[in-house]
Amino acid sequence: MGQPESREGEQSGKRFDPPSPELPPGQRLQRGWPVTHYGPVPKFRPERWEFRVFGATADGDKHCWTHEEFTALPYTTVVADLHCVTKYSMLGAEWGGIAARTVLELAPPAPEVTHVMVWAEYGFSSNLRLADFTAEHTIFATHKDGELLTAEHGFPVRLVVPHLYAWKGPKWVRGVEYMTADRRGFWEERGYHNIGDPWREQRYSYQEEPGDGPEL
């Protein structure tokens with residue numbers, strides 16, 4: 001579901017590069033792409049798959065796309081880094097998929113929306129400020145470096161929010177809820193920072209300052 005639990009990495013014997021000036025504090029450069037998630041990998045059933053946008057939409061309706069419809073939306077690519085809270089960073093990956101801004105244009109939020117909750121398989125969730133969700137490089141990724149994502153890395157869709165820690169972009173995304181007030185997602189309820197900015201090393205909830213999020 002989310003990111004923080006790691007199944008590979010240091011234990012696998014993979015080589016880690018020395019620190020780079022492009023890395024946020026406390027991070028190390030990773031060769032390859034470790035599999036990091038909590039819980040089992042869901043089975044993809046295209047006939048049952050649906051992407052939903054709901055909550056405080058501008059028209060008050062729920063908007064839905066089948067897998068075929070969602071993957072037919074305008075395709076874009078962004079080159080962006082991935083920073084995991086487990087302290088590895090992957091730099092300069094090309095992510096392909098549907099820009100979050102495209103979803104916002106097709107299913108606009110109501111004017112009073114301030115946050116979104118991104119929902120994934122098994123009820124996993126991650127909350128984001130609307131400004132983070134609408135950022136230029138935020139993307140519902142279906143591909144990495146020109147190849148379809150594998151199931152372990154989030155196929156058919158994972159959210160990538162490059163300027164935040166990777167847990168803020170869930171794997172196996174199924175929808176977005178527009179919210180008029182913030183509330184914590186899965187990892188945020190379990191001690192992770194409500195915002196998750198890697199450049200400020202916002203890893204854990206005890207680091208939060210007033211205004212960073214709702215009370216635990």
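# Working through the fold: exercises

In this predicted model, the largest nonpolar core has 27 residues, and F51, F70, V116, L128, F133, F140 and Y178 are the members that touch the most others in it. Grab your viewer and let's go.

## Exercise 1: the cores

Find which helices and strands each supply at least two residues of this core, then look for a second, separate core.

*Solution.*

- Step 1. Colour by element: β3, α2 (100–106), β7 (115–120), α3 (130–133) and β12 (173–179) each put in at least two residues.
- Step 2. Now zoom in on F51, one of the members with the most core neighbours. Skip whatever sits within four places in sequence, and F51 is in contact with H63, C64, W65, F70, V103, F140, V173, R174, G175 and V176.
- Step 3. The second core is separate and has 14 residues, including C84, I139, A141 and L149.
- Step 4. For background, nonpolar side chains tend to be buried together in soluble globular proteins. Here, 53% of the 216 residues count as buried.

## Exercise 2: the five-stranded sheet

Work out the strand order of the open sheet of five strands, and say which strands sit at its edges.

*Solution.*

- Step 1. Start with the inventory: the protein has three helices and 12 strands.
- Step 2. Tracing the pairings gives β4-β3-β12-β7-β8, and the pairing is mixed.
- Step 3. β4 (63–66) and β8 (125–129) pair on one side only, so they are the edge strands.
- Step 4. From one strand to the next, the twist averages 15°.
- Step 5. Check one pair in detail. β3 (residues 50–55) and β4 run antiparallel and are joined by four bridges. Within that pair, R52 is opposite C64, and E50 has T66 as its bridge partner.

## Exercise 3: two faces of β4

Sort the side chains of β4 by the face they point to, and decide which are buried.

*Solution.*

- Step 1. The rule to expect is that side chains in a regular strand alternate between the two faces of the sheet.
- Step 2. β4 follows an alternating pattern: H63 and W65 point to one face, C64 and T66 to the other.
- Step 3. Add burial: H63 and W65 are buried, while C64 and T66 are not.
- Step 4. Put a number on C64. Its relative accessible area is 32%, and buried means under 20% while exposed means over 50%, so C64 lands in the partly exposed class.

## Exercise 4: cysteines

How many disulfides does the model hold?

*Solution.*

- Step 1. Use the cut-off: a disulfide is a pair of cysteine sulfur atoms within 2.5 Å.
- Step 2. Applying that gives zero disulfides.
- Step 3. For contrast in setting, C84 is buried at 1% relative accessibility, whereas C64 is partly exposed.

## Exercise 5: a threonine tucked away

Is T138 buried or exposed, and what does its side chain reach?

*Solution.*

- Step 1. Locate T138 in the loop between α3 and β9 (139–144).
- Step 2. Its relative accessible area is 1%, so T138 is buried.
- Step 3. The T138 side chain reaches the backbone oxygen of D132 at 2.9 Å.
- Step 4. List the contacts of T138, leaving out neighbours within four places in sequence: A99, A100, D132, F133, L159, V160, V161, P162 and H163.

## Exercise 6: backbone oddities

Hunt for a cis peptide bond and for positive phi values in residues other than glycine.

*Solution.*

- Step 1. Know the baseline: most residues other than glycine have a negative phi, and most peptide bonds are trans.
- Step 2. The bond from F155 to P156 is cis, with omega near 10°. P156 sits in the loop between β10 (147–148) and β11 (158–160).
- Step 3. Y122 isn't a glycine, yet its phi is positive at about 65°. You'll find Y122 in the loop between β7 and β8, partly exposed at 48% relative accessible area.
- Step 4. W172 also has a positive phi, near 55°. W172 is in the loop between β11 and β12, and this one counts as buried at 2% relative accessibility.

## Exercise 7: far in sequence

How many residues separate G32 and M90 in sequence, and how far apart are they in space?

*Solution.*

- Step 1. G32 belongs to the loop between β2 (28–30) and β3, and is partly exposed at 43%.
- Step 2. G32 and M90 are 58 residues apart in sequence, but 7.8 Å apart from C-alpha to C-alpha.
- Step 3. Zoom out to the whole protein: of the contacts between residues at least 6 apart in sequence, 66% join residues at least 24 apart.

Notes:
Residues are numbered from 1 along each chain as its sequence is written. This is a predicted model: local features need pLDDT of at least 70, side-chain atom pairs count only at pLDDT 80 or more; totals for chains, interfaces and linings use all residues. Side-chain values use heavy atoms; hydrogens and water are left out. Two strands pair if DSSP finds at least two bridges between them. Axes are lines fitted to C-alpha atoms, for helices over the stretch in contact, and angles run from 0 to 180 degrees between N-to-C directions. Buried means under 20% relative accessible area, exposed over 50%, partly exposed in between (1.4 Å probe, protein chains only). A nonpolar core is a set of buried Ala, Val, Leu, Ile, Met, Phe, Trp, Tyr and Cys residues joined through side-chain atoms within 4.5 Å. Contact means heavy atoms within 4.5 Å. A polar contact is a pair of N or O atoms within 3.5 Å; within protein, one must be able to donate a hydrogen and the other to accept it, and residues adjacent in sequence count only if both atoms are side-chain atoms.
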